[in-house]
Amino acid sequence: MSDRIDRVRTALQEYGLTAGTLGSTAGQTVMVALLPILLARYTDSATLIGFAIGGEGIVAVLVPYWIGAASDHLPRSYARRFGRRTFFLLLTAPLMALAVAVAPFLTGFWPIAGAALVFFLTLHGYLAPLWALMVDEVPHERRGRVQGVRGALHSAGLAFGLVAGGLLFSIWEPLPFITAGALILVTTAITYVAAPRTETPGHEGDASDVLKVWRRLRGRPAVSWMLLGNALWSSGVDGIRPYVFLFATVVLGINVAQTSLLLVVIVAGLGIGAVVLGHLGDRFGHARLLGVGVTITGVAMLLGFFVRTVPGAVALLLFAGLGAATLISLAYPLFASLIPERGVGRDTGLYIVTMGFGRIVAPVLIGVAIDLGRASLPDVRGYPYMWPIAGGLMLLGLVAL
């Protein structure tokens, strides 16, 4: 009986390590999906909106590697008192919450874009230590299911930003932003309580060898291809995020609240799929299921070019959501199985850096495609062109995988 209680306690602690995912994803989704509505009041250019949101990618390239490496090398006195990884969560979470909460009260394109930049800067100082906690504290044979719970929390964060956030936005525009800020603080507190305060031995990395990182990758081709695949399929997903509500308004003819209800389909598919696939990945292997999911998502996105009705959008989102669940639940555990235990924070930061490349290029690339497509699809202002660009990036990621 005591063994069973210990196993339950251990499982709850492991799942608690992922709690910060809910708040950080909720804040990120609100900023990426709803902030463009505010920005669109000050510009008609989809490219310029994509540039403002693409600032996340610039930060994601510059910040996570260094923060991850710094968390590998935190002095012992700080590690024992605050936790090696959670020290950085405590530094970044308050600023992240403040940035998202004040954004809707600002006026003008550049002040709003500036708040987004501060949010993304702190977000990507938060993510690498948060993700590295799982590798520190969860045995390899349970990482798939713990990542599945993280995937469910990620889906819940998406649900807040895309569904609840849209509804709250219709009631009072600042409400989803303020609520997201509160979620960041609460879920960070849960992760802090769940995380051990002692050092995890054997995970030290070398923070001074950043110039040698690509040389090391040449000796680990599986890791290099995995990082390339991650950059490409992250581009496919992240590239369309700033335009989801705008696509629904322009092409489908529905408002923000109706779009939020429609997006229940994708977040439900993500949440259920992430938990199920986390267990299946531990049993049948992460790479095979990940390949199937990337294929389904890429093909669904290509077909999205032809969607003009709400029923068609429901079908698109259902298949895309089920496929994208594999990215949430299986991609990082697969990457973690390829890297050495030494320098987990540094290598996790590098994983997040590759996501950042897509977040720089993809929103701007898709914004340009939309603007250029207006001439051939004037009635829908070129927005359907976002889907084949995203689908193509997703399928290129499959080739890398």
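How many residues does helix α11 have, and how far does helix α11 reach from its first C-alpha to its last? The first legend answers this after a short overview of the predicted model.

**Figure 1. Overview of the predicted model and of helix α11**. The protein has 18 helices and zero strands. Of its 401 residues, 57% count as buried. Among contacts with a separation of 6 or more, 84% are between residues 24 or more positions apart. Helix α11 covers residues 221–240, has 20 residues and reaches 29 Å from its first C-alpha to its last. This value is close to the 28 Å expected at 1.5 Å a residue. Because 14 of the 20 residues of α11 are buried, the helix is largely enclosed by the rest of the structure.

**Figure 2. Close-up of the crossing of helices α15 and α16**. Two packed helices are described by the angle between their axes and the distance between the axes. Here the axes of α15 (residues 286–303) and α16 (residues 310–338) come within 8 Å and cross at roughly 150°. The crossing is left-handed. On the α15 side, the contact is made by His 286, Ala 287, Leu 289, Leu 290, Gly 293, Val 294, Ile 296, Thr 297, Ala 300 and Met 301. On the α16 side, the contributing residues include Leu 316, Phe 319, Ala 320, Gly 323, Ala 324 and Leu 327. By class, the contact has 16 nonpolar, five polar and no charged residues.

**Figure 3. Close-up of Ala 315 in helix α16**. Ala 315 is partly exposed, with a relative accessible area of 37%. The C-alpha atoms of Ala 315 and Ala 300 are separated by 8.8 Å, and the two residues are 15 residues apart along the chain. Ala 300 is one of the α15 residues that make the contact with α16.

**Figure 4. Close-up of the largest nonpolar core and of Phe 177**. The largest nonpolar core holds 91 residues, of which Met 31, Phe 119, Phe 177, Leu 252 and Tyr 351 touch the most other members. Helix α7 (residues 109–137) supplies the largest share of this core, 15 residues. Leaving aside its neighbours within four places in sequence, Phe 177 is in contact with Val 30, Met 31, Leu 34, Leu 35, Leu 38, Val 100, Ala 101, Pro 104 and Phe 169.

**Figure 5. Close-up of Met 96 in helix α6**. Helix α6 comprises residues 86–102. Met 96 counts as buried, at 0% relative accessibility. Beyond residues up to four places away in sequence, Met 96 touches Phe 119, Thr 122, Leu 123, Tyr 126 and Ile 184. Of these partners, Phe 119 is also among the core residues that touch the most other members. Met 96 and Gly 27 are 69 residues apart in sequence, and their C-alpha atoms are 8.3 Å apart in space.

**Figure 6. Close-up of Thr 21 in helix α2**. Helix α2 spans residues 20–39. With a relative accessible area of 4%, Thr 21 is buried. Not counting residues up to four places away in sequence, Thr 21 touches Leu 130, Arg 150, Leu 153 and His 154.

**Figure 7. Close-up of Ala 390 in helix α18**. Ala 390 counts as buried, at 0% relative accessibility. The C-alpha atoms of Ala 390 and Gly 236 are separated by 4.1 Å, although the two residues are 154 residues apart along the chain. Leaving aside neighbours within four places in sequence, Ala 390 is in contact with Gly 236, Ile 240, Met 301 and Ile 366. Met 301 also takes part in the contact of α15 with α16.

**Figure 8. Close-up of two residues with positive phi, Gly 253 and Arg 381**. Most residues other than glycine have a negative phi. Arg 381 has a positive phi of about 55° although it is not a glycine. Arg 381 is found in the loop between α17 (344–373) and α18 (386–400). With a relative accessible area of 39%, Arg 381 is partly exposed. Gly 253, just after α12, takes a positive phi of about 75°. The buried residues of helix α12 (residues 244–252) are Phe 245, Leu 246, Phe 247, Ala 248, Val 251 and Leu 252. Leu 252 is also one of the members of the largest nonpolar core that touch the most other members.

Conventions:
Residues are numbered from 1 along each chain as its sequence is written. This is a predicted model: local features need pLDDT of at least 70, side-chain atom pairs count only at pLDDT 80 or more; totals for chains, interfaces and linings use all residues. Side-chain values use heavy atoms; hydrogens and water are left out. Axes are lines fitted to C-alpha atoms, for helices over the stretch in contact, and angles run from 0 to 180 degrees between N-to-C directions. Helices (H or I, at least four residues) and strands (E, at least two) are DSSP runs, numbered from the N terminus. A crossing is left-handed if the near helix is turned anticlockwise from the far one by less than a right angle, and right-handed if clockwise. Contact means heavy atoms within 4.5 Å. Ala, Val, Leu, Ile, Met, Phe, Trp, Tyr, Cys and Pro count as nonpolar, Asp, Glu, Lys and Arg as charged, and the others, Gly among them, as polar. A nonpolar core is a set of buried Ala, Val, Leu, Ile, Met, Phe, Trp, Tyr and Cys residues joined through side-chain atoms within 4.5 Å. Buried means under 20% relative accessible area, exposed over 50%, partly exposed in between (1.4 Å probe, protein chains only). The expected span of a helix is 1.5 Å times one less than its number of residues.
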